[in-house]
Amino acid sequence: MTNRTYVFLTAVIGVICGFVIVRTLLSADSLTVRNDLVQGFFVGAGLGVVAVEILARIKATRINGWTTIFGCGLPGNGIFMRAACARIFPGPVNVPQEAMYWKTGVDGAGHTLSGERDFILHFPPGGLPPNDAFWSLTMADAKEHFVANPINRYSVGDRSGLAQNPDGSVDIYLQNTAPAGHQSNWLPAPAGRFNLWLRVYMPGAAILHGGYTVPPVIEARSNR
Amino acid sequence: MTGYQHLLLFGSVVVAACFLVIYFWPRILLFVYKRAILVKGFGEGPIPVNTLYTEPQAVFADPLRAAPASGSNLMTTGANRDTLLMAGWLDLRTGPQVLHVPDMGDRYYSVQLTDPSNNTNFAYVGKRVTGTEAGDYVISGPGWTGSVPQGMTRISSPNNSVLILGRTLVESDADLSAAYALSKQIHLRPLGG
């Protein structure tokens, strides 16, 4: 199930719950205790699913199209924070000091990422993610699977030999076909929709204190 | 009961059920991991309790492989091309477990200890927290009163159940076998066993 499908189903659950609540309010005089308990339980559970989605959106940080959430996995987190983290990163997620993760399925303008168009992630000079371990940018299709490609490259990062531009900036080419002359900085995209994951392990202080922002993915000018 | 009382009861049940879902959401998520480890395994059968399973080299080397015919694909979803993964489930009711880590030679690695009741990490062993030298860490459950042997470090778990998740950095395809050999040396044994 893709994330969009999940969000759509959550919205459907919310609408059904709202309908049942309105109907209950209008027919309060003909209710039975059994109605109250059974319908209350299911409506409450449904609203819980909706609430987790809303909490996740409140607690998450979304900058330049990238979604992350600071402060996950820490002992002492409250129930709302724990639920939000479990929704954004469904698993035993690291504490921020160990690793930070960003994901996106859209470019900086909010358009869906797809191999039908060419995209670039441009890091300004000195703007690669600060860290004491490693960082990587990984390509996934809409179902979060790796993408088959002719050069067997599934991620780029500090260990992949990225070439710098003359001014020290770094461009990563996110497209379905190889960019002429820039193969070392090519992260192959599928023909259709894709998602990106940015991982930074042992992130630097600039990340942990919010001073660092991940640059937006931008659509390249059409050249084919 | 009057309509008003019915609405009050209905509303109370709604609010309670809503909070239950929010509260149990991380716990249910971690229960899925527990089942994946102890019941399904990752293609080579279930992982016994108090055992650390290491992702096979072949799985890391072939990111496009099909999901294992039997077992969970949880370990290999998430599009990770950086670290070899290790996973295990601890049951500390029968006594502490000793986590042994070898000298990792300055390589990034981490062993994350997660309380499955709320999906928070109560301790780490690894480059960031303990460095990359060899060491033995006694992971004890609540209420354990024994003494820790000399040369070992105690880690107190708030829960008798612990999800343990390890990551070892793979520098390149050529480095995979070295990373795997080091990961395999990270292991668990019972204290006094």
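In what order do the 4 strands of the open sheet in chain A run? The order is β8-β7-β4-β10, and the pairing is mixed. This is a predicted model, and the sheet is a good place to start reading it.

Begin at the borders of this sheet. The edge strands are β8 (186-188) and β10 (217-219) of chain A. Each of these two pairs on one side only. From one strand to the next, the twist averages 30°. Now look at one pairing in detail. Strand β7 of chain A, residues 170-175, runs parallel to β8(A), and 3 bridges link the pair. Pick out A:Tyr173 and look across to β8(A). Its bridge partner there is A:Trp186.

Step back to the whole of chain A. Its secondary structure comes to 4 helices and 10 strands. Along the sequence they follow the pattern α-α-β-β-α-β-β-β-β-β-β-β-α-β. Two domains divide the chain: domain 1 covers 3-59, and domain 2 covers 94-219. Their C-alpha centres lie 38 Å apart. Taken along the principal axes, the C-alpha atoms of chain A fill a box of roughly 75 × 40 × 25 Å. Of the 224 residues in chain A, 36% are buried. Contacts also reach across the sequence. Take those in chain A between residues at least 6 apart: 68% of them join residues at least 24 apart.

Next, follow helix α1 of chain A. How far apart should its ends be? With 24 residues at 1.5 Å each, α1(A) should span 34 Å. The C-alpha atoms at its ends are 35 Å apart, so the model agrees with the expectation. Is α1(A) largely buried or in the open? Just 2 of its 24 residues are buried, so α1(A) lies largely in the open. A residue counts as buried when 20 or more other C-beta atoms lie within 10 Å of its own.

Chain A also meets chain B. Here 49 residues of chain A are in contact with 45 residues of chain B. Which elements of chain A give two or more residues to this side? They are α1 (3-26), α2 (33-59), α3 (79-88), β5 (131-141) and β9 (194-203) of chain A. The largest share, 14 residues, comes from α2(A). Sorted by class, the side of chain A that touches chain B has 30 nonpolar, 12 polar and 7 charged residues.

Cross over to chain B. An open sheet of 5 strands stands here in the order β1-β2-β8-β4-β5, with antiparallel pairing. Its edge strands are β1 (53-54) and β5 (120-126) of chain B, and each pairs on one side only. Inside the order, β2 (83-91) and β8 (161-169) of chain B are antiparallel partners over 9 bridges. One of the matched pairs is B:Leu84 with B:Thr168 in β8(B). A helix packs on this sheet too. Helix α1 of chain B, residues 3-40, touches β2 and β8 of chain B. Its direction makes about 95° with that of β2(B).

Strand β3 of chain B, residues 97-101, pairs with two other strands. It runs antiparallel to β6 (135-140) of chain B, and 5 bridges join them. One bridge partner of B:Val98 is B:Val138, in β6(B). β3(B) is also antiparallel to β9 (187-190) of chain B, over 4 bridges. In β9(B), B:Leu99 has B:Leu188 as its bridge partner. Which residues of β3(B) form the covered face, and which the uncovered one? B:Gln97, B:Leu99 and B:Val101 make the covered face. B:Val98 and B:His100 make the uncovered one. Why do the two sets take turns? In a regular strand the side chains alternate between the two faces of the sheet.

Finish with a single residue, B:Pro158. Where is B:Pro158 placed? It sits in the loop between β7 (153-156) and β8 of chain B. With 14 other C-beta atoms within 10 Å, B:Pro158 is partly exposed. Leave aside its neighbours within four places in sequence. B:Pro158 is then in contact with B:Asp115, B:Phe122 and B:Pro142. B:Val129 is 29 residues away along the chain, and the C-alpha atoms of B:Val129 and B:Pro158 are separated by 19 Å.

Methods
Residues are numbered from 1 along each chain as its sequence is written. Chains are lettered from A and ligands numbered from 1 in the order in which they are written. This is a predicted model: local features need pLDDT of at least 70, side-chain atom pairs count only at pLDDT 80 or more; totals for chains, interfaces and linings use all residues. Domain bounds come from an automatic or database domain assignment. Two strands pair if DSSP finds at least two bridges between them. Two residues are in contact if their C-beta atoms, placed from the backbone, lie within 7 Å. Axes are lines fitted to C-alpha atoms, for helices over the stretch in contact, and angles run from 0 to 180 degrees between N-to-C directions. Ala, Val, Leu, Ile, Met, Phe, Trp, Tyr, Cys and Pro count as nonpolar, Asp, Glu, Lys and Arg as charged, and the others, Gly among them, as polar. The expected span of a helix is 1.5 Å times one less than its number of residues. A residue is buried if 20 or more other C-beta atoms lie within 10 Å of its own, exposed if 12 or fewer, and partly exposed in between; C-beta atoms are placed from the backbone.
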